[in-house]
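User: I have a model open and want to go through one of its pockets and whatever sits around it. Can you take me through it?

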Amino acid sequence: VTSVDLALSEGVSRRINQASKALPQGTGKVQAYLKKNATAAQRKAAKGKKKELSKLFLHSVLQRTNGQITGALNRDLKVIKVLEGAHVGNFGGLLKPRKPQQFP
């Protein structure tokens, strides 16, 4: 692990922290947030689809707080999903050794 790796890790952690602080709490606040920050077409496309609604919400929060964390939206969502699994305490495959070619 190099100092560059540590700096990148700290940057990702800081951006995730900024985004999490910007998250509105409660269903009513989330709906109001999406009404204000997502288009009617985006909301309609995600309506009734939990995964799409979650993706739209996270995308909206990321755009308003710091643009992106690791690059493209899909990559950011993948990182958030992996870290979410670590948050529950089971670290899963997060700490397993990997070859450099396995990273996106």
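Analyst: Keep in mind that this is a predicted model. The second largest pocket has a volume of about 630 Å³.

User: Which residues are closest to the centre of that pocket?
Analyst: Ser 54, Leu 58, Ile 80, Lys 81 and Glu 84, out of 21 residues that line the second largest pocket.

User: And which elements give two or more residues to the lining?
Analyst: Helix 1 (3-22), helix 4 and helix 5 (73-87). Helix 4 supplies the largest share, with 9 residues.

User: How do the lining residues divide into nonpolar, polar and charged?
Analyst: There are 12 nonpolar, 3 polar and 6 charged residues in the lining of the second largest pocket.

User: Back to helix 4. How many residues does it have, and what does it reach from first C-alpha to last?
Analyst: Helix 4 covers residues 50-65, which is 16 residues, and reaches 22 Å. That is close to the 22 Å expected at 1.5 Å a residue.

User: What follows helix 4?
Analyst: Gly 67, with a positive phi near 75°.

User: Which residues of helix 4 are buried?
Analyst: Leu 56, Phe 57, Ser 60, Val 61 and Leu 62.

User: Different topic: how many aromatic pairs are there?
Analyst: The count is 1 aromatic pair. Tyr 33 and Phe 57 form that pair, edge-to-face, at 5.8 Å centre to centre with 80° between the planes.

User: Where do the two sit in the chain?
Analyst: Tyr 33 is in helix 2 (residues 27-37) and Phe 57 is in helix 4, so the pair links distant parts of the chain, 24 residues apart.

User: Buried or exposed, those two?
Analyst: Both Tyr 33 and Phe 57 are buried.

Technical notes: Residues are numbered from 1 along each chain as its sequence is written. This is a predicted model: local features need pLDDT of at least 70, side-chain atom pairs count only at pLDDT 80 or more; totals for chains, interfaces and linings use all residues. Side-chain values use heavy atoms; hydrogens and water are left out. Helices (H or I, at least four residues) and strands (E, at least two) are DSSP runs, numbered from the N terminus. The expected span of a helix is 1.5 Å times one less than its number of residues. Buried means under 20% relative accessible area, exposed over 50%, partly exposed in between (1.4 Å probe, protein chains only). On a 1 Å grid over the protein atoms alone, a cavity is a set of points where a 1.4 Å probe fits but cannot get out, and a pocket is an open set with protein on both sides within 12 Å along at least five of seven lines; lining residues have an atom within 4 Å of a point. Grid points are joined across faces, edges and corners, and a volume is the space filled by probe spheres set on the points. Ala, Val, Leu, Ile, Met, Phe, Trp, Tyr, Cys and Pro count as nonpolar, Asp, Glu, Lys and Arg as charged, and the others, Gly among them, as polar. Rings of Phe, Tyr and Trp (its six-membered ring) pair if their centres lie within 6.5 Å; planes under 30 degrees apart count as stacked, over 60 as edge-to-face and the rest as tilted.
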